[in-house]
Amino acid sequence: MIRNFFSFVICVIIVLFFSLFTIEEGHKGIILRFGKVLRDADNNSLIYNPGLHIKIPFIETIKILDSRIQTMDNQADRFVTMEKKDLIIDSYVKWRISDLSRYYLATGGGDICQAEVLIKRKFSDRLRSELGRLNVQGIVTDSRNKLMTDVRASLNHGTSGEEVPEFHFNNNIKQFNFHAKNYDSSMQEQYRVSDLVNPNSMAALGIEIVDVRIKQINLPTEVSDAIYQRMRAERDAVARRHRSQGREEAEKLRATADYEVTRTLAEAKRQSLIIRGEADAETAKLYATTFNEDPSFYALVRTLRAYENSFKKNNNDLMVLSAETDFFRFMKSPKSTTGINN
């Protein structure tokens with residue numbers, strides 16, 4: 001009896017282990033019965049919210065999918081504008097799962113990599129189409145926001161971005177049971193759209209594009225090099241013009257400075273000659289006055305200066321003069337000098 005009880009308890013634990021499952025916050029779940037998505041009477045897939053749930057063991061399996069907003073970074077790609085100019089555009093896409101059943105079937109089991117491949121393919125085609133309608137100025141200015149809005153709308157609804165999407169609702173869908181415990185009634189209300197969905201839209205894949213943004217816009221390498229070369233040539237021309245103007249101004253300043261130097265030197269020389277002439281005249285005048293006042297003293301001074309210049313130490317000149325000459329009269333004794341003077 002006790003053995004049977006323990007066997008029953010073990011069986012119950014095993015059944016509960018394979019029956020109960022939990023879904024973490026930020027995720028949603030769908031039930032697969034024999035590999036097919038479990039649906040209700042209105043043919044809507046059952047959506048399980050975060051929490052503890054129960055399923056039929058060994059028959060049903062749970063597929064948990066991330067319902068949070070995902071970010072997909074696109075590699076920089078080349079696009080052609082309306083002006084037939086190439087641009088290298090780097091962008092990213094914000095997306096999330098809108099229909100778990102469609103997403104599961106379209107991605108082969110909810111593979112995120114496969115979903116991003118599909119998103120990238122459609123996004124690249126749509127962005128290429130939208131950029132082909134704009135010029136470079138419109139892409140890099142205020143038209144970028146409208147461009148991103150159009151691309152997002154066209155991806156979500158499969159339109160060109162300017163058309164108004166039309167939704168077709170099935171009027172035969174019965175009112176959903178809001179008292180269901182195992183799945184989200186709000187999600188069921190959200191997916192009351194019939195199967196008449198534009199196959200070119202992301203809704204056909206169960207995906208909603210939340211946001212599309214361009215991170216960076218660059219020119220191709222060859223175009224950038226050509227632009228840089230042209231800018232460099234323009235700057236070189238401006239630099240040469242400035243240098244030639246600078247040399248011209250330098251020559252003008254140099255010529256003006258040379259003229260001022262020459263004029264200043266000439267004026268200074270003229271003033272020095274005038275001053276020297278006046279000084280010589282004043283000196284001659286003083287000599288003349290002194291000579292007139294005391295001719296014998298003046299003769300003595302002039303003779304002494306002549307002696308000084310004639311008998312210098314380094315003067316090797318040879319003079320042959322008579323001792324009786326008047327030049328040596330001040331070298332004789334006073335008596336001789338008196339006799340000579342008399």
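C113 is exposed, with a relative accessible area of 53%. The model is predicted, and zero disulfides are found in the structure. The points below cover the cysteines, the residue S19, and the packing of helix α3 against helix α5.

**Cysteines**
- C113 counts as exposed because its relative accessible area of 53% is over the 50% cut-off.
- C11 has a relative accessible area of 46% and is therefore partly exposed.
- The structure contains zero disulfides.

**S19**
- S19 belongs to helix α1, which covers residues 2-19.
- The relative accessible area of S19 is 3%, so this residue is buried.
- Leaving aside residues up to four places away in sequence, S19 is in contact with H53, I54, K55 and P57.

**Helices α3 and α5**
- Helix α3 spans residues 112-131 and helix α5 spans residues 143-157.
- The two helices pack at an angle of about 135°, and their axes lie 10 Å apart.
- α3 and α5 are oblique to each other, because an angle of about 135° falls outside the ranges for roughly parallel (under 35 degrees), roughly perpendicular (65 to 115) and roughly antiparallel (over 145).
- The crossing of α3 past α5 is right-handed.
- On the α3 side, the contact is made by K122, F123, R126, L127, E130 and L131.
- On the α5 side, these residues meet L147, M148, D150, V151, S154 and L155.
- By class, the contact of α3 with α5 comprises seven nonpolar residues, four charged residues and one polar residue.

Notes: Residues are numbered from 1 along each chain as its sequence is written. This is a predicted model: local features need pLDDT of at least 70, side-chain atom pairs count only at pLDDT 80 or more; totals for chains, interfaces and linings use all residues. Side-chain values use heavy atoms; hydrogens and water are left out. Helices (H or I, at least four residues) and strands (E, at least two) are DSSP runs, numbered from the N terminus. Buried means under 20% relative accessible area, exposed over 50%, partly exposed in between (1.4 Å probe, protein chains only). Contact means heavy atoms within 4.5 Å. A disulfide is a pair of cysteine sulfur atoms within 2.5 Å. Axes are lines fitted to C-alpha atoms, for helices over the stretch in contact, and angles run from 0 to 180 degrees between N-to-C directions. A crossing is left-handed if the near helix is turned anticlockwise from the far one by less than a right angle, and right-handed if clockwise. Ala, Val, Leu, Ile, Met, Phe, Trp, Tyr, Cys and Pro count as nonpolar, Asp, Glu, Lys and Arg as charged, and the others, Gly among them, as polar.
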